[in-house]
Amino acid sequence: MAVDLINTAAAPGSPLADDLLSADRGAQAWWRIERARVPEGDPPDIRALRRLRLALRDIMEALVDGRPVPPAAVSDLNSFMQSAPASTRLQLTGTGLRAQTQWHWEYGGNPRLAFIATQAAEFLSDKSQAGRLRRCANPVCSMIFIAVNPRRSWCAPGVCGNRVRVARHHQRAGGA
Ligand SMILES: [Zn+2]
């Protein structure tokens with residue numbers, strides 16, 4: 001989900017200047033797609049969502065490029081988690097016990113942001129997981145993706161892989 005979030009924007013300087021979260025309407029559409037995966041309740045302020053995205057992108061790009069992770073991005077991620085912590089509540093039901101996650105709004109944070117940040121923290125701190133992050137091999141694409149197959153080099157083989165193959169083919173054919 002964190003990877004989905006950072007890919008809602010093209011990287012700065014890339015020719016693809018689109019930002020899916022540039023307007024509230026875009027963010028609403030994004031939450032509709034992700035709704036089933038996140039805690040219930042009001043969606044966060046769009047500026048907070050973009051700040052979380054920036055922190056995640058800074059960390060993931062540093063990892064992908066083999067650079068030191070910026071400490072400011074790490075503390076940003078931590079504050080998203082601290083401002084809306086979760087606790088587990090065990091309940092007696094007629095048929096047995098049920099465990100339920102409760103998100104705490106009373107610290108002023110938003111559980112959806114905390115949820116995404118927590119997922120990201122678990123993913124990024126696991127070397128075998130974070131080691132699968134890749135940047136798309138298409139130079140005009142800025143997507144970062146999780147390579148399930150370690151040899152995959154395109155965010156979407158059917159899109160970026162094909163585009164680059166077609167471009168190479170045209171170069172070989174004399175720039176036609
Ligand atoms: Zn791509």
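The following conversation walks through a predicted model of a zinc-containing protein chain.

Trainee: Before the details, how many helices and strands does the protein chain have?

Mentor: The chain of this predicted model contains 7 helices and 4 strands.

Trainee: In what order do the elements run from the N terminus on?

Mentor: Reading from the N terminus, the order is α-α-α-α-β-β-α-α-β-β-α.

Trainee: What share of the residues counts as buried?

Mentor: Of the 176 residues in the protein chain, 37% count as buried. As for contacts, among those with a separation of 6 or more, 52% come from residues 24 or more positions apart.

Trainee: Now the metal. Which residues coordinate the zinc ion?

Mentor: The zinc ion is held through the SG atoms of Cys-136, Cys-141, Cys-155 and Cys-160, at 2.3 to 2.4 Å. Along the sequence, these donor residues follow the spacing C-x4-C-x13-C-x4-C.

Trainee: And where do Cys-141 and Cys-160 lie?

Mentor: Cys-141 is in the loop between β3 (133-135) and β4 (144-146), while Cys-160 belongs to helix α7 (residues 157-172). The pair therefore ties together parts that are 19 residues apart in sequence.

Trainee: Why is the arrangement around the zinc ion called tetrahedral?

Mentor: Because the 4 donor atoms subtend angles of 105 to 116°, and four donors count as tetrahedral if all angles lie between 85 and 135 degrees.

Trainee: Are Cys-141 and Cys-160 buried or exposed?

Mentor: Cys-141 has 12% relative accessibility and counts as buried. Cys-160 is also buried, with a value of 3%. The cut-off for buried is under 20% relative accessible area.

Trainee: What about Val-140, where is its place?

Mentor: Val-140 sits in the loop between β3 and β4, the loop that also holds Cys-141. With a relative accessible area of 44%, Val-140 is partly exposed. Its C-alpha atom is separated by 9.6 Å from that of Val-164, which is 24 residues away along the chain.

Trainee: Changing topic to the helices: how do the axes of α3 and α5 cross?

Mentor: Helix α3 (residues 46-65) and helix α5 (residues 111-124) have axes that come within 11 Å and cross at roughly 5°. The two helices are therefore roughly parallel to each other.

Trainee: Which residues make that contact?

Mentor: From α3 the residues are Ala-48, Leu-49, Leu-52, Leu-56, Ile-59, Met-60 and Leu-63. From α5 they are Leu-113, Ile-116, Ala-117, Ala-120 and Leu-124.

Trainee: And by class, what does the contact of α3 with α5 have?

Mentor: It has 12 nonpolar residues, with no polar and no charged ones.

Trainee: Staying with α3, is Ala-55 buried or exposed?

Mentor: Ala-55, which lies in helix α3, is buried, with a relative accessible area of 3%.

Trainee: Which residues does Ala-55 touch?

Mentor: Not counting residues up to four places away in sequence, Ala-55 touches Ala-73 and Asp-76. In addition, the C-alpha atoms of Ala-55 and Val-74 are 7.2 Å apart, although 19 residues separate the two along the chain.

Trainee: Then Glu-40: buried or exposed?

Mentor: Glu-40 counts as exposed, at 73% relative accessibility. Glu-40 is found in the loop between α2 (24-34) and α3. From C-alpha to C-alpha, Glu-40 and Pro-111 are 8.2 Å apart in space, with their positions 71 residues apart in sequence. Pro-111 is where helix α5 (residues 111-124) begins.

Trainee: Last one: where is Thr-101, and what is it in contact with?

Mentor: Thr-101 is part of strand β2 (residues 96-103). Setting aside neighbours within four places in sequence, Thr-101 is in contact with Ala-86 and Ser-87. Leu-90 is 11 residues from Thr-101 in sequence, and their C-alpha atoms are 8.9 Å apart.

How values were computed. Residues numbered from 1 in each chain as written. Predicted model: local features only at pLDDT ≥ 70, side-chain atom pairs only at ≥ 80, totals over all residues. Heavy atoms only, no water. Donors = N, O, S within 2.8 Å, 3.2 Å for Na, K, Ca; no water. Tetrahedral: all angles 85-135°; square planar, octahedral: opposite > 155°, others 65-115°. Buried < 20%, exposed > 50% of the residue type's maximum accessible area, 1.4 Å probe, protein only. Axes fitted to C-alpha atoms, helices over the stretch in contact; angles between N-to-C directions. Parallel < 35°, antiparallel > 145°, perpendicular 65-115°, else oblique. Contact = heavy atoms within 4.5 Å. Nonpolar A, V, L, I, M, F, W, Y, C, P; charged D, E, K, R; others polar.
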